[in-house]
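Hi everyone, thanks for making room for me today. I'd like to walk you through one protein model, a few residues at a time, so have a look at it while I talk.

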Amino acid sequence: MRGRLFRDLVNNKQPLSILGTVNAYSSVLAKKNGVKSIYLSGSGVAASSFGLPDLGFTKLEDVVEDARRITSACDLPLLVDIDTGFGSTKSIQNTIRSLENENVAAVHIEDQVDQKRCGHRPNKKLVSIGEMQDRIKAAVDARTDDNFVIMARSDALAVESEERLLERIQCYIEAGADMIFPEALMSLEGYKKITDVSSVPILANITEFGRTPLFTKKDLHDVGVSMILYPLTAFRAMSKAAEKIYKELSNAESQEHILSDMQTRDELYDYLSYHKYEKEMDDILNKKDE
């Protein structure tokens with residue numbers, strides 16, 4: 001069901017903004033502020049859940065657990081970063097089934113080697129086209145719901161060439177990829193070349209402080225991009241705000257001067273439907289007392 005919703009949004013919200021949420025509460029915040037589709041970043045799992053860089057330290061069960069918490073708290077369609085799929089073709093199939101079971105709407109799998117790097121860092125290495133096609137086929141074969149989205153990411157522009165990226169994209173579509181994620185593009189013309197020859201929707205990763213300029217939604221719409229990913233925008237802002245508070249409060253006499261920077265207790269309770277749950281608990285206790 002959520003895969004179908006994700007596909008419908010991609011087709012009808014041109015381009016669809018997909019916003020990163022690193023945990024269940026941020027997904028609740030996103031939904032209640034008008035976001036239509038959310039994202040769980042592999043880098044976000046590593047940084048926010050483990051305090052580690054995105055260098056392959058986290059495992060499938062770590063991603064599944066974070067995804068489960070998000071989909072349990074929020075019914076927005078969730079796109080999940082599964083890196084290279086967490087192993088062999090059999091492992092990739094297990095990855096797909098595990099995330100499909102947790103009501104994830106879509107995943108993206110990439111063509112880097114297993115010891116992968118951040119898409120906006122140097123020294124990336126890719127597997128062959130044939131090996132990536134095997135990854136995609138394994139993922140497609142594993143899903144039980146045809147609406148579950150298998151998106152293929154390619155890092156070929158930085159490692160090989162634009163011509164090779166276009167070749168890889170066509171091969172990935174032939175292997176069954178529902179959507180394509182070309183990483184670290186640096187020009188609108190680059191996106192236009194891809195959308196002109198692609199029969200499936202294309203995603204633009206507009207991550208801050210990376211190789212891709214911060215193109216506007218109109219810029220990307222005009223070159224045919226169907227989805228815009230903001231993978232860690234909120235997380236970066238949350239982290240900067242927390243850094244500021246920790247720094248100030250460690251030497252302050254009181255937190256009174258920074259109250260205006262905080263979400264209030266009432267605001268938190270409102271987002272969490274606290275009073276609804278509290279009333280349900282009271283009703284149960286009152287019935288027991290009757």
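I'll go from one helix to some ring pairs, and then to a few loops.

One thing before we start: this is a predicted model.

Okay, find helix H2, residues 24-32. Which residues of H2 are buried? They're Ser26, Ser27, Val28 and Ala30. And what do those buried residues pack against? Strand S2, at 38-40, is one partner, and helices H4, at 60-73, and H12, at 265-272, are the others. After H2 comes Gly34, and its phi is positive, near 95 degrees.

Stay on H2 for a second, because Tyr25 has a relative accessible area of 25%, and that makes Tyr25 partly exposed. Now for the rings. The structure holds three aromatic pairs, and I'll show you two of them. Tyr25 pairs with Tyr271 in an edge-to-face way, with 6.5 Å from centre to centre and 85 degrees between the planes. Where do the two partners sit in the chain? Tyr25 is in helix H2 and Tyr271 is in helix H12, 246 residues apart, so this pair links distant parts of the chain.

The other pair I picked is Tyr191 with Phe215. Why do we call it edge-to-face? Because the planes are at 85 degrees, and over 60 counts as edge-to-face; the ring centres are 6.4 Å apart. Tyr191 is in helix H9, residues 188-197, while Phe215 is in the loop between strand S7, at 203-205, and helix H10, at 217-222. That's 24 residues apart, and again the pair links distant parts of the chain. Are these two rings buried or exposed? Tyr191 is buried, with a relative accessible area of 0%, and Phe215 is buried too, with 13%.

While we're on rings, look for charges sitting over them. Arg153 lies over the face of Phe181, 5.5 Å from the ring centre. Lys276 does that with Tyr277, at 4.2 Å from the ring centre.

Back to the loop between S7 and H10, where you'll also find Arg211. Its relative accessibility is 41%, so Arg211 counts as partly exposed. What does Arg211 touch, if we skip residues up to four places away in sequence? His120, Ala184, Leu185 and Met186. As for Ser187, Arg211 is 24 residues from it in sequence, and 9.9 Å from it in space, C-alpha to C-alpha.

Next, the loop between helix H3, at 42-50, and H4. Leu55 is there, and so is Asp54. Which of the two is buried, and which is partly exposed? Asp54 counts as buried because it has 15% relative accessibility, and the cut-off is under 20%. Leu55, at 42%, counts as partly exposed. Leaving out residues up to four places away in sequence, Asp54 touches Gly42, Ser43, Ala46, Lys116 and Cys118. Leu55 helps make a nonpolar surface patch of about 360 Å², together with Phe50, Leu52 and Phe57.

Last stop: Ser254, in the loop between helix H11, at 233-249, and H12. Ser254 is partly exposed, with a relative accessible area of 33%. How far is Ser254 from Lys59? In sequence they're 195 residues apart, and in space 41 Å, C-alpha to C-alpha.

That's my tour, thanks for listening!

Note on methods. Residues numbered from 1 in each chain as written. Predicted model: local features only at pLDDT ≥ 70, side-chain atom pairs only at ≥ 80, totals over all residues. Heavy atoms only, no water. Buried < 20%, exposed > 50% of the residue type's maximum accessible area, 1.4 Å probe, protein only. Helix = DSSP H or I, 4+ residues; strand = E, 2+ residues; numbered from the N terminus. Contact = heavy atoms within 4.5 Å. Patch = residues over 30% accessible without salt bridge, like charges linked within 9 Å, V, L, I, M, F, W, Y side chains within 5 Å. Areas by Shrake-Rupley, 256 points an atom, 1.4 Å probe, with all protein chains shown as cover. Salt bridge = Lys/Arg side-chain N within 4 Å of Asp/Glu carboxyl O. Phe/Tyr/Trp six-rings, centres within 6.5 Å; stacked < 30°, edge-to-face > 60°. Lys NZ or Arg CZ within 6 Å of the ring centre and 35° of its normal.
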